[in-house]
Amino acid sequence: MLTLWRNWFAPVQTQYYTNELQREIDSLFEGFEPGAFFRAWEQKSWPATELREEVDSYVLQTDVPGVTREDIEIRVENNILTLKGERKDEAPKGFKIFRKERGHFSFSKSYRLPAQVDASRAEAKLDKGVLTVLLPKTPEAQPKQIPILVA
Amino acid sequence: MKEANMTEESLVKKEQSEEQTAGCSVCWMPGVDFYENDDEVLLIADLPGVEPSNLAVHLEGSELRIEGRRIQGTNGSKHEALYHRSFRLGEGFDRDKIAAELKNGVLFLHLARSEQVKPRQIKINVA
């Protein structure tokens with residue numbers, strides 16, 4: 001199942017597509033060589049991201065603790081979903097630091113959306129440091145209940 | 001500011017091992033920052049996705065333990081992850097004045113210094 005997702009939501013590295021030829025080559029492999037997408041996914045797997053499939057949607061969840069709404073940008077362009085964000089690292093006023101593990105971070109992640117997604121109805125929310133992007137499936141991609149007619 | 005230099009040693013004497021995390025399926029060690037001023041030490045930890053009701057901060061003896069339970073997924077595919085981190089607190093903190101707040105998935109834990117260790121300004125009376 002995971003492999004399937006990874007194929008569908010092939011993460012795109014922006015610097016990857018420096019030219020159209022590269023893009024063509026990559027598109028040839030799409031769906032045929034999951035390994036390449038695995039690797040791309042791993043590289044882009046920070047911040048921690050989870051992708052789930054629900055009955056009528058896909059849900060993409062990214063951990064962005066301490067990031068505020070103003071510092072997040074979400075866009076869909078040419079069927080590519082891009083999440084960008086930044087956490088500013090400021091010492092609380094009047095405090096001095098003596099141990100530091102957290103810090104400033106910025107991220108940019110892109111995903112090529114599968115045809116099953118209706119991007120025009122996508123929604124995002126930021127709650128408790130988790131960014132959730134809800135990607136509804138197109139009506140065609142949703143499971144259908146087939147009524148059984150009683151003779 | 002002698003106290004300031006000593007804080008790290010006295011607060012984080014020894015980080016606890018992870019033995020308590022045995023038995024949970026997904027365990028994470030959150031990143032932590034420590035800040036200080038004359039009045040308190042401020043611990044900041046990343047705990048994305050943790051509801052305040054699923055966060056526990058324990059102080060037992062000198063051991064300060066932070067545990068956050070995070071429930072991910074919905075109806076069909078729920079799973080749980082545990083954040084865990086513990087520290088050994090040194091002397092010089094007022095155990096009754098520990099305050100925690102959770103903001104945007106980040107924990108702010110205020111550890112107030114006890115009155116005895118706070119630097120004091122001594123008034124000089126002019127004769």
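**Salt bridges, strands and contacts**

Trainee: How many Å, N to O, is the salt bridge in which the side chains of Asp127(A) and Lys128(A) meet?

Mentor: A salt bridge is a side-chain nitrogen of Lys or Arg within 4 Å of a carboxyl oxygen of Asp or Glu. Asp127(A) and Lys128(A) form one through their side chains, with an N to O distance of 2.8 Å.

Trainee: Some conventions before we go on. This is a predicted model, in which local features need pLDDT of at least 70 and side-chain atom pairs count only at pLDDT 80 or more, while totals for chains, interfaces and linings use all residues. Residues are numbered from 1 along each chain as its sequence is written, chains are lettered from A and ligands numbered from 1 in the order written, and side-chain values use heavy atoms, without hydrogens and water. Is Asp127(A) buried, partly exposed or exposed?

Mentor: Buried means under 20% relative accessible area, exposed over 50%, and partly exposed in between (1.4 Å probe, protein chains only). Lys128(A), at 22% relative accessibility, is partly exposed. Asp127(A) has a relative accessible area of 36%, so this residue is partly exposed.

Trainee: Which residue forms a salt bridge with Glu77(A)?

Mentor: Glu77(A) is partly exposed at 47% relative accessibility. Its partner is partly exposed too, at 37% relative accessibility. With the closest N and O atoms 3.1 Å apart, the residue that pairs with Glu77(A) is Arg75(A).

Trainee: Glu101(A) forms a salt bridge with Arg85(B). Is Arg85(B) buried or exposed?

Mentor: The closest N and O atoms of Glu101(A) and Arg85(B) are 2.8 Å apart. This pair crosses between chains, from the loop between strand 6 (96-99) and strand 7 (105-112) of chain A to strand 6 (residues 79-88) of chain B. Glu101(A) is partly exposed at 36% relative accessibility. The relative accessible area of Arg85(B) is 3%, so Arg85(B) is buried.

Trainee: To the backbone nitrogen of which residue of chain A does a polar side-chain atom of Asp33(B) lie at 2.8 Å?

Mentor: Asp33(B) is located in strand 2 (residues 32-36) of chain B and is buried, at 0% relative accessibility. Contact means heavy atoms within 4.5 Å, and by that criterion Asp33(B) touches residues of chain A including Arg99(A) and Lys100(A). A network of salt bridges links Asp33(B) with Asp46(B), Arg87(A), Asp89(A) and further residues. The backbone nitrogen at 2.8 Å from the side chain of Asp33(B) belongs to Arg102(A).

Trainee: What is the strand order of the open sheet of 4 strands in chain A?

Mentor: Helices (H or I, at least four residues) and strands (E, at least two) are DSSP runs, numbered from the N terminus, and chain A has 3 helices and 9 strands. Two strands pair if DSSP finds at least two bridges between them; strand 2 and strand 3 (residues 57-63) of chain A are joined by 5 bridges and run antiparallel. The pairing in this open sheet is antiparallel, and its order is 2-3-9-8.

Trainee: Which strands are the edge strands?

Mentor: In the order 2-3-9-8, an edge strand pairs on one side only. That description fits strand 2 (49-53) and strand 8 (123-127) of chain A.

Trainee: Which residue of strand 3 of chain A is the bridge partner of Leu51(A)?

Mentor: Strand 2 and strand 3 of chain A run antiparallel. Between them, Leu51(A) has as its bridge partner Leu60(A).

Trainee: How many Å separate the C-alpha atoms of Val133(A) and Lys144(A)?

Mentor: Val133(A) belongs to strand 9 of chain A and is buried, with a relative accessible area of 2%. Beyond neighbours within four places in sequence, its contacts include Tyr58(A), Leu60(A) and Leu83(A). Lys144(A) is 11 residues from Val133(A) along the chain, and their C-alpha atoms are separated by 24 Å.

Trainee: The side chain of Lys137(A) reaches the backbone oxygen of which residue?

Mentor: Lys137(A) sits in the segment after strand 9 (130-136) of chain A and counts as buried because its relative accessibility is 5%. Leaving out residues up to four places away in sequence, Lys137(A) touches Glu53(A), Asp118(A) and Gln142(A), among others. At 3.0 Å, the backbone oxygen reached by its side chain is that of Glu54(A).

Conventions:
A polar contact is a pair of N or O atoms within 3.5 Å; within protein, one must be able to donate a hydrogen and the other to accept it, and residues adjacent in sequence count only if both atoms are side-chain atoms.
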